[in-house]
Amino acid sequence: MPEGRFPRDIGALPSIFEFVAEFGSSHDIPDDQRYDVELIIEELFTNMVKYSADGAPEISIGLERDRGRLVVTLRDFDVEPFDVTKPSTPGRESGTELPSAGGRGLHLVRQVADELHYEYRDRNSTITVMKRLDS
Amino acid sequence: MLEIRVVEPGTIQLTGRLDASQADEAMTALRKLDGPLTVDFVGLDYISSAGLSVIVETYRRLQGAGHAFRLVNMQPRVRNVFKYSGLDRILQIE
């Protein structure tokens, strides 16, 4: 499984997108589905950067094509637990009809991903996402 | 990368990607704009929740001042992100 390690920094996103693009090219991933995968990874990665600032300096991202689906794995080391599978529907910003910004990223992940799993062990978080690929 | 270009008074065009690494720069650029605004998405390939926050803040600021705020020419995959977030029901998307 191709795996990359990226600094715990929002500035790492261009390198992450390059990593996903290279994987997409070499594994015949359609552009629209690569876009979905980039969105999933960005939202989960930025969540780790924002909410686990004291974790290990690098976050691991793995990609694997398993027959008709893509498996994305993000591993965050030496962090407190943060279960991204717990439902949270964004509320409304006070006094407006606007959906609140809080939780918007994870809400998008749940909309785009086909499966989302979370495991926490020995201070390490592992998020596994399945995305079906169109044949 | 993201490019923001004023194509005519009251209309800007976005090109590239509006992700978390570009959001601060985009927010700074959009805060300089005032009056009715049309945002042309024709060249935007990608948007994430960080990009949505930039658009929402601009909407709130301009709408609060009584100005129109329109989003036009979105690619389907970009429009889907607005739809998934529920913002397609609030913002004027054409």
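Colleague: In chain B, what share of the contacts with a separation of 6 or more comes from residues 24 or more positions apart?

Modeller: Bear in mind from the start that this is a predicted model. In chain B, 69% of the contacts with a separation of 6 or more are accounted for by residues 24 or more positions apart. For chain A the corresponding figure, again among contacts between residues at least 6 apart in sequence, is 65%.

Colleague: How many helices and strands does each chain have, and in what pattern do they run?

Modeller: Chain B has 3 helices and 5 strands, and from the N terminus on its elements are arranged as β-β-α-β-α-β-α-β. Chain A also contains 3 helices and 5 strands, but reading along its sequence gives β-α-α-β-β-α-β-β.

Colleague: What radius of gyration does chain B have, and what would a compact globule have?

Modeller: A compact globule with 94 residues would have a radius of gyration near 12 Å, and chain B has 12 Å, so the two agree. Taken along the principal axes, the box filled by the C-alpha atoms of chain B is roughly 30 × 25 × 20 Å. As for burial, 35% of the 94 residues of chain B count as buried, while in chain A, with its 135 residues, the share is 33%.

Colleague: How should I read the packing of helix H1 against helix H2 in chain A?

Modeller: In general, two packed helices are described by the angle between their axes and the distance between the axes. Here the axes of helix H1 (residues 13-26) and helix H2 (residues 31-51) of chain A come within 10 Å and cross at roughly 145 degrees, and the crossing of H1(A) and H2(A) is right-handed. On the H1(A) side the contact is made by Leu13(A), Ile16(A), Phe17(A), Val20(A), Ala21(A) and Gly24(A), and on the H2(A) side by Arg34(A), Val37(A), Glu38(A), Ile41(A), Glu42(A) and Phe45(A). Sorted by class, this contact has 8 nonpolar, 1 polar and 3 charged residues.

Colleague: Which residues in the loop between S4 and S5 of chain A have a positive phi, and are they buried or exposed?

Modeller: Asp122(A), which is found in the loop between strand S4 (115-121) and strand S5 (124-132) of chain A, has a positive phi of about 50 degrees although it is not a glycine. Asp122(A) is exposed, because there are 6 other C-beta atoms within 10 Å, and a residue with 12 or fewer counts as exposed. Arg123(A) lies in the loop between S4 and S5 of chain A as well, and its phi, near 65 degrees, is likewise a positive value in a residue other than glycine. Arg123(A) has 13 other C-beta atoms within 10 Å and is therefore partly exposed.

Colleague: How many residues of each chain are in contact where the two chains meet?

Modeller: The size of an interface is often given as the accessible area lost when the parts come together, but here we can count residues instead. In this model 17 residues of chain B are in contact with 20 residues of chain A. Helix H2 (49-64) and helix H3 (76-85) of chain B each supply at least two residues of the side that touches chain A, and the largest share, 5 residues, comes from H2(B). By class, that side of chain B has 9 nonpolar, 6 polar and 2 charged residues.

Colleague: What confidence scores come with the model?

Modeller: Where pLDDT is low, the predicted coordinates should not be read in detail. For chain B the mean pLDDT is 95, and 100% of its residues reach 70 or more, while the model scores ipTM 0.93 and pTM 0.92.

Key
Residues are numbered from 1 along each chain as its sequence is written. Chains are lettered from A and ligands numbered from 1 in the order in which they are written. This is a predicted model: local features need pLDDT of at least 70, side-chain atom pairs count only at pLDDT 80 or more; totals for chains, interfaces and linings use all residues. Two residues are in contact if their C-beta atoms, placed from the backbone, lie within 7 Å. Helices (H or I, at least four residues) and strands (E, at least two) are DSSP runs, numbered from the N terminus. Ala, Val, Leu, Ile, Met, Phe, Trp, Tyr, Cys and Pro count as nonpolar, Asp, Glu, Lys and Arg as charged, and the others, Gly among them, as polar. pLDDT is the predictor's confidence in each residue, from 0 to 100. A residue is buried if 20 or more other C-beta atoms lie within 10 Å of its own, exposed if 12 or fewer, and partly exposed in between; C-beta atoms are placed from the backbone. The radius of gyration is taken over C-alpha atoms; the globule rule is 2.2 Å times the number of residues to the power 0.38. Axes are lines fitted to C-alpha atoms, for helices over the stretch in contact, and angles run from 0 to 180 degrees between N-to-C directions. A crossing is left-handed if the near helix is turned anticlockwise from the far one by less than a right angle, and right-handed if clockwise.
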